[in-house]
Amino acid sequence: MSDSAPPIPFLATVGLACERDRRLLFDQLELHLQPGDMLQVAGPNGSGKTSLLRLLAGLMPPTEGSVLLAGKPLAAQRTELARSLLWIGHAAGIKGLLSAEENLAWLGALNRCGSTSREAIWTALAEVGLRGFEDVPCHTLSAGQQRRVALARLYLAPPPLWILDEPFTALDKAGVAQVEIHLARHCEQGGMVVFTTHHSLTEKARNFRELDLGLRAA
Ligand SMILES: Nc1ncnc2c1ncn2[C@@H]1O[C@H](COP(=O)(O)OP(=O)(O)OP(=O)(O)O)[C@@H](O)[C@H]1O
């Protein structure tokens, strides 16, 4: 029998509480994430799913408690967080006047503090079914195609932790199926995914869990 200490979670929350607009959304929330984990945050509209994801991504401070990255508070881990995290919010977050290629070039540079090759970007765009749409302004693309541009970042050798707010929005059935498989594969390869969606997944990683904020509501 080993007497070694349990491993420090990659990402964890301790006594996390979130109040918005003087409404307590959740409190005493404890979760931990290790390589391989896939966590679906579920719950009805307004239950705090996006708020929780924003807390985990360090985009807003908690009302109480803390988020820990490798055992240390996020606030003290900004560089490490930037290296470890890929955040894709509810809005596609791409610039309409730029082409898909240009969007991915600057988003890739932002994320990894380095340059992203044209070849890698075109390959990622082909992966999400946008071959032939690489250099047209994104405002001319459909909502689903714009979502695909955002999701192409998942194919650009991204960091290990993905936090995705409603990644399937506007995608067609084939697009949903492909992204599901990609998320599960990322986890099987030692990555981690935290995401929200209102749809039930067909493909899940082995270490899949669901956190239902609706069930926690006061
Ligand atoms: N910027 C904000 N300022 C104040 N309150 C906010 C803000 N954004 C969200 N809220 C409030 O926080 C609560 C939770 O919102 P949140 O977006 O986290 O819910 P959600 O579970 O993701 O909802 P949905 O399923 O509709 O996307 C809502 O009551 C909302 O009004």
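In which sense do β3 and β9 pair, and over how many bridges? In this predicted model, the two strands pair in the parallel sense over 6 bridges. Within this pairing, Leu39 stands opposite Arg209 in β9.

The β3-β9 pair belongs to an open sheet of 5 strands. The strand order is β6-β7-β8-β3-β9, and the pairing is parallel. Two strands form the edges: β6, residues 85-88, and β9, residues 207-212. Each of these pairs on one side only. From one strand to the next, the twist averages 15 degrees.

Further pairings can be followed across the sheet. β3 also pairs with β8, in the parallel sense and over 4 bridges. Here Gln40 stands opposite Phe195 in β8. β6 pairs with β7, residues 161-165, again over 4 parallel bridges. In that pairing Ile88 stands opposite Leu164 in β7.

Helix α1, residues 49-56, packs on the sheet. The helix touches β3 (37-42), β7 and β8 (192-196). Its direction makes about 150 degrees with that of β8. Of the 8 residues of α1, 6 are buried, so the helix is largely enclosed by the rest of the structure. The buried positions are Lys49, Ser51, Leu52, Leu53, Leu55 and Leu56. Just after α1, Gly58 takes a positive phi of about 75 degrees.

Helix α1 also contributes to the surroundings of the ligand. The largest share of the ligand shell, 3 residues, comes from this helix. Both α1 and β2, residues 23-33, supply at least two shell residues each. The ligand is surrounded by Arg20, Asp21, Arg23, Leu25, Gly43, Asn45, Gly46, Ser47, Gly48, Lys49, Thr50 and Ser51. By class, the shell holds 7 polar, 4 charged and 1 nonpolar residues. Two shell members, Lys49 and Ser51, are also among the buried residues of α1.

Helix α5, residues 143-151, is mostly covered as well. In this helix, 7 of the 9 residues are buried. They are Gln145, Gln146, Arg147, Arg148, Val149, Ala150 and Leu151. Both glutamines and both arginines in this list are therefore buried by the criterion of 20 or more other C-beta atoms within 10 Å.

In soluble globular proteins, nonpolar side chains tend to be buried together. The largest nonpolar core of this model has 55 residues. Leu56, Val149, Ala152, Trp162, Ile163, Val193 and Val194 touch the most other members. Among them, Leu56 is a buried residue of α1, and Val149 is a buried residue of α5. Trp162 falls within the span of β7, while Val193 and Val194 fall within that of β8.

The contacts of Trp162 were examined without its neighbours within four places in sequence. Trp162 is in contact with Leu86, Leu154, His186, Gly191, Met192 and Val193. One of these partners, Leu86, lies within the span of edge strand β6. Met192 and Val193 lie within that of β8.

A further position, Ala120, lies in helix α4, residues 118-127. Ala120 counts as partly exposed because it has 16 C-beta neighbours inside 10 Å. Ala120 and Glu180 are 60 residues apart along the chain. Their C-alpha atoms are separated by 21 Å.

Methods:
Residues are numbered from 1 along each chain as its sequence is written. This is a predicted model: local features need pLDDT of at least 70, side-chain atom pairs count only at pLDDT 80 or more; totals for chains, interfaces and linings use all residues. Two strands pair if DSSP finds at least two bridges between them. Axes are lines fitted to C-alpha atoms, for helices over the stretch in contact, and angles run from 0 to 180 degrees between N-to-C directions. Two residues are in contact if their C-beta atoms, placed from the backbone, lie within 7 Å. A residue is near a molecule or strand if its C-beta atom, placed from the backbone, lies within 6 Å of it. Ala, Val, Leu, Ile, Met, Phe, Trp, Tyr, Cys and Pro count as nonpolar, Asp, Glu, Lys and Arg as charged, and the others, Gly among them, as polar. A residue is buried if 20 or more other C-beta atoms lie within 10 Å of its own, exposed if 12 or fewer, and partly exposed in between; C-beta atoms are placed from the backbone. A nonpolar core is a set of buried Ala, Val, Leu, Ile, Met, Phe, Trp, Tyr and Cys residues joined through C-beta atoms within 7 Å.
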